[in-house]
Structures are given as C-alpha cells and as structure tokens.
Amino acid sequence: MSINRLILLLLFFPFVTYAQTTISGKVTTSVSHTGIGKVSVFLSNSSYGTESADDGSFHLVNVKPGQYTLVASSLGYQEYTQSVLVGRDPVNLEIPLQPKVEQLRGVVITSPADFKKNLELFRKEFIGTTENSKKCEIMNPHTINMVYHGRKLTLEAWSDDFVIVENKALGYRVKFLIDTFSTSGVSGITQWEGKAYFEELPGTDEQKKEWKQKRQETYYGSARNFFRSLYNSTLTQDGFI
C-alpha cells in the first residue's frame, strides 16, 4: 500500500460533519501502574493523535463516531492496540504498557552509497511516482532500517520510531510506524504492515484552499476513475488492486 492509496482512504473526513466526542485516559506501566509521559497515542489511519502528559494522561478531542484502532507507542515498551467504538458519549481508557523484554532489532549499518540506493527504492515503492508523490518528502530517512538481499532482489525495511512524510501536494504530515515492508524485484509485489496517522500541515489561507481543492480532486477523481475502470473491465490495466 502506498501513501497515496492510504490518503484515499482518509480524505473523506474533511467533507462530512458528525457529532463529535472525546477519548481520554491514562497510560501507565503494567508493573507499577504509574503514569508514562511522552507516549504517542493515536487512532490508526486517522488524523487523531497526541502525546501523553508527564502523568500519563491524554485527550483526543473532536473524534467523530466510528470504529477505530487506538495505538499507544513508546520506545522501551510493547506497542499497545485496542479497538474503540466511538459514539456520542465520551470514552475513558486506561492503557497499561508492558516493558519490552525482547531485544530490539539492531540498527543496520550500510555505506552511504548503499543507503541512498536503498532509500530511493523504498521511496519509489512506498510513496509512489505520481505527481502528488513527487511533492512528498521523507523528513527523517535515517529512522528507516533497510536491508537489501541481492540474491532475492528484495528490499526489507522497518522502523522502531515514526517515519515522518510530508505531503506538500495535499497538506498532510503522515507519521508511519512500519512493522514490516518488503518489495520484490522478482515478483513485482510490494507489501507493508504498520500504523499511521495524519496531521494537517500549517499553511496560509491560500495554501489551505488549494490543498482542499486537490484533496477533493484526488478523492473524487479516483472514485470516478475506479468506477469507469470497473465498468470497462480494465481494473488491472488501470492499476487498481
């Protein structure tokens, strides 16, 4: 799944209005039950995210009704996920984090030339090559651990912290936790698993107006292309999976 395809799943939210509520709670250790600060708490594949305060408390405000996967992530602790059904009433949660007992995957050491080559391949397969993709920038590329297997023509990647991508075409900063990523030069298949959430980029009123228009074009244009391809039985030829 590329960043552009993921964006298509989320772009509907600026155009629809629903009743909104708050998800709040506290992140604690499972051992001493004391609060943990600076934990990233977010709803995967949405624009709702925050960081816990020093006492572990957090608040996600103006959350629209729906089914979400809540994620809490911090270095040194096992990632926590929970399915949350949001309605009209506020939601309160206690999130116990388990210390990581297994050894973290080590940082991969490569030459600058190999890292650059691997990054170019990762960027092409993860972000894409569309006009919108050309305006995307990976802000912290060295967060990505990458290993290229020459015999299999396969690139593997993962991250222990957020990979931050700024999409200046649509006005989003996207934060990814990449559990696994692989792309094969033999099969031509790219796949990845992980979590992500979106933040609005700051901009002038003119930029925000332009971003809104481009988001509408991206979302509605893609739907038209999809149904046109479906009607013409050309889904594969037109790149839909």
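## Strands 1 and 7 and their sheet

In this predicted model, strand 1, which covers residues 21-29, runs parallel to strand 7, and the two are joined by seven bridges. One residue of strand 1 whose partner can be named is T28, which is bridged to P96 in strand 7.

Both strands belong to an open sheet of three strands, in which the order is 4-1-7 and the pairing is mixed. Strand 4 (57-63) and strand 7 (91-97) form the edges of this sheet, each of them pairing on one side only, and from one strand to the next the twist averages 20 degrees.

## Nonpolar cores

The largest nonpolar core is made up of 23 residues, and within this core the most contacts are made by F122, F126, I138, I144, M146, F176 and F181. At least two residues of the core come from each of helix 2 (112-126), strand 8 (136-138), strand 9 (144-149), strand 10 (154-159), strand 11 (163-167), strand 12 (172-184) and strand 13 (190-200). Strand 12 provides the largest share, with five residues.

Separate from this is a second core of 20 residues, and L43, Y48, F58 and Y80 are among them.

## Confidence

Across the protein chain the pLDDT averages 88, and 88% of the residues reach a score of at least 70. Residues 8-17 are a stretch in which pLDDT stays under 50, although the model gives this stretch 22 contacts beyond four places in sequence. Predicted coordinates should not be read in detail where pLDDT is low.

Terms used
Residues are numbered from 1 along each chain as its sequence is written. This is a predicted model: local features need pLDDT of at least 70, side-chain atom pairs count only at pLDDT 80 or more; totals for chains, interfaces and linings use all residues. Side-chain values use heavy atoms; hydrogens and water are left out. pLDDT is the predictor's confidence in each residue, from 0 to 100. Contact means heavy atoms within 4.5 Å. A nonpolar core is a set of buried Ala, Val, Leu, Ile, Met, Phe, Trp, Tyr and Cys residues joined through side-chain atoms within 4.5 Å. Buried means under 20% relative accessible area, exposed over 50%, partly exposed in between (1.4 Å probe, protein chains only). Helices (H or I, at least four residues) and strands (E, at least two) are DSSP runs, numbered from the N terminus. Two strands pair if DSSP finds at least two bridges between them. Axes are lines fitted to C-alpha atoms, for helices over the stretch in contact, and angles run from 0 to 180 degrees between N-to-C directions.
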